[in-house]
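The following exercises are to be worked with the sequence and the coordinates at hand. Each task is followed by a solution in steps.

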Amino acid sequence: MTVEDYSPAEADQISTDFQAFLDNRSRRSDQPKRRGIKSFSSAIGLPSDEHILDFAHGYYDADPVAEAFVKDAYIDGNSSQGRAMLDQALAHGIESVPDAPASMVRLFQELEKDPPWVDHDLVERGAFLFRRYGPAVFSFNGVGTLLAYTEDPIVKPLSMTGKYAGDAALNRFMETARFWIDVSDPDGTKPGAPGRATAMRVRVMHVFLRQRITRHPQWNLAAWGKPISQAEATITLLAGGFATGLGMHKLGYRSTTADTLAMMHFWRYVGHLMGVQPRWYPADLPEAGQLMTLYFTKRTFGAIEDGRELIESYPRAFAPKPGTARRKAIRDQFNYRIQLGYTRYFLPGQFYKSYDMPNPWPWALLPLLQIPINLTIDLLAHRSGRIARLQDRYARWRRNTWFRNEMGDHDAHFKAAETFRR
């Protein structure tokens, strides 16, 4: 069965895991169900009934435009030729691809057509604000992802490929960091920019993984919805904008409401380039908080051993490797301890203690030492455009230096796993 084989009825399907959450809340209330769920209007911290349903149905929403292109150019055609066409179109435009299939033309038309809600000045502002955190924001988002590794829809695709476990964890995380860098560089999402091309490559990679994982005998479509669904992707976008704006306060940064909204807008547009077009995207901070609350409230904690493997692999991925040149070995030792400190600092204490994690002390105190410096510079940057530009220049240098230290001459390829571990 392929993604295209699903019936239209699945567009309004609710996964059994999500339905169990809805039913459980219904049983706690004497209020009658409406459209299959109770009224949540009085529940503090949760979205409206309609938005809850939009999110629930999003677990069966995928990316039919990109899937049609992958089917025509890669699966029914020649995969090497398909990749070559994609490279050509990203570098020189769809017009430069001779005999491009109609599905490819449609894909690039969608890529090049602005959605009605986008404000490109706000997109650039959001990218500017996101990259001022330097590589620390990569650690924050990497650590934040661990909190979702209790859930099968997130964990199963990563565990099946093995790319976020064991020795492979660092390379896959650094691929994600390369994506973050590319899209948030100045003008990174504009036509012809590396970030725009990276977003499309990740989009195509997700299609391959979705189609293969959906057919895998261990994937439970009824319980979890489609792999790499629009719902899960929406939460990832909110993590980059909303959660980052709030979470980086712990390092001393002071994002205003306008700053966080700009970062949310930036990540919404990046999501659009990647084919993430949810039925509902939060318009303000209260709505974003409600959706994040819903996501964490509905958790089933079903990914036990697979989740444990991924969580425990994360901090150890940064451990220095034997045989490294002296100068790099010193940097690796320092970066490893910084990562341990961030991991313990950003994770709830009980969560950290529940897993076999490295001893983070005294490195967990290092983030605290950054707060006075970050706070001072960030407050000054909000008052002075010159200081903001200097902050931006330094942060860009820091994150590129950090990436090269971890990856050396290697770069990200954004290629779907050819084989699964099981």
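**Exercise 1. A pocket and its lining**

What volume does the second largest pocket have? Identify the residues closest to its centre and the elements that line it.

Solution.
- Step 1. The model is a predicted one. In this model the second largest pocket has a volume of about 740 Å³.
- Step 2. The pocket is lined by 29 residues, and those closest to its centre are Pro135, Tyr342, Gln370, Tyr394 and Arg398.
- Step 3. Two or more lining residues come from each of helix 7, helix 16, helix 18 (366-381) and helix 19 (385-407). Helix 19 gives the most, with nine residues.
- Step 4. Sorted by class, the lining of this pocket holds 16 nonpolar, nine polar and four charged residues.

**Exercise 2. Two enclosed cavities**

How many cavities of 30 Å³ or more does a search of the whole structure find? Describe the lining of each.

Solution.
- Step 1. The search finds two such cavities. The volume of the largest cavity is about 90 Å³, and that of the second largest cavity is about 70 Å³.
- Step 2. Around the largest cavity lie Ser15, Asp17, Phe18, Tyr59, Glu151, Pro153, Ala223, Trp224, Lys298 and Thr300. Helix 1 (16-27) and helix 11 are the elements that give two or more residues to this lining.
- Step 3. The lining of the largest cavity divides into five nonpolar, two polar and three charged residues.
- Step 4. The second largest cavity is lined by Asp54, Phe55, Gly58, Gln230, Ala231, Thr234, Pro278, Arg279, Trp280 and Leu291. Here helix 2 and helix 12 give two or more residues each, and helix 12 provides the largest share, three residues.
- Step 5. By class, the lining of the second largest cavity comprises five nonpolar, three polar and two charged residues.

**Exercise 3. Contacts of helix 2**

Which residues does His51 touch, not counting residues up to four places away in sequence? Consider Phe55 in the same manner.

Solution.
- Step 1. His51 belongs to helix 2 (residues 49-57). With residues up to four places away in sequence left out, His51 touches Trp280 and Glu287.
- Step 2. The C-alpha atoms of His51 and Glu287 are 9.6 Å apart, although 236 residues separate the two in sequence.
- Step 3. With the same exclusion, Phe55 touches Phe18, Ala231, Ile235, Leu291, Leu294, Tyr295 and Lys298.
- Step 4. In the largest nonpolar core, which has 118 residues, Phe55 is one of those that touch the most other members; Phe18 and Phe138 are also among them. In soluble globular proteins, nonpolar side chains tend to be buried together.
- Step 5. For the whole protein, 74% of contacts between residues at least 6 apart in sequence join residues at least 24 apart.

**Exercise 4. Helix 15 and helix 7**

Which residues of helix 15 are buried, and what covers them? Check also the span of the helix.

Solution.
- Step 1. Helix 15 (residues 305-316) has 12 residues and should span 16 Å at 1.5 Å a residue; the end C-alpha atoms are 17 Å apart, which agrees.
- Step 2. Its buried residues are Asp306, Gly307, Leu310, Ile311, Glu312, Ser313, Tyr314 and Pro315.
- Step 3. The cover over these residues includes helix 7 (136-146), helix 8 (152-161), helix 9 (169-184), helix 16 (326-346) and helix 17 (349-353).
- Step 4. Helix 7 is itself mostly covered, with nine of its 11 residues buried. Among them are Phe138, Phe140 and Leu146.

**Exercise 5. Unusual backbone geometry**

Where do Asp99, Ile228 and Pro362 lie? State the backbone feature of each.

Solution.
- Step 1. As a reference, most residues other than glycine have a negative phi, and most peptide bonds are trans.
- Step 2. Asp99 is in the loop between helix 4 (79-92) and helix 5 (102-112), and its phi is positive, at about 55°. Asp99 counts as exposed because its relative accessibility is 77%, where exposed requires over 50%.
- Step 3. Ile228 is in the loop between helix 11 (221-224) and helix 12 (230-247), with a positive phi near 50°. At 22% relative accessibility, Ile228 counts as partly exposed.
- Step 4. Pro362 is in the loop between helix 17 and helix 18. The peptide bond from Trp361 to Pro362 is cis, with omega near 5°.

Note on methods. Residues are numbered from 1 along each chain as its sequence is written. This is a predicted model: local features need pLDDT of at least 70, side-chain atom pairs count only at pLDDT 80 or more; totals for chains, interfaces and linings use all residues. Side-chain values use heavy atoms; hydrogens and water are left out. Helices (H or I, at least four residues) and strands (E, at least two) are DSSP runs, numbered from the N terminus. The expected span of a helix is 1.5 Å times one less than its number of residues. Buried means under 20% relative accessible area, exposed over 50%, partly exposed in between (1.4 Å probe, protein chains only). Contact means heavy atoms within 4.5 Å. On a 1 Å grid over the protein atoms alone, a cavity is a set of points where a 1.4 Å probe fits but cannot get out, and a pocket is an open set with protein on both sides within 12 Å along at least five of seven lines; lining residues have an atom within 4 Å of a point. Grid points are joined across faces, edges and corners, and a volume is the space filled by probe spheres set on the points. Ala, Val, Leu, Ile, Met, Phe, Trp, Tyr, Cys and Pro count as nonpolar, Asp, Glu, Lys and Arg as charged, and the others, Gly among them, as polar. A nonpolar core is a set of buried Ala, Val, Leu, Ile, Met, Phe, Trp, Tyr and Cys residues joined through side-chain atoms within 4.5 Å.
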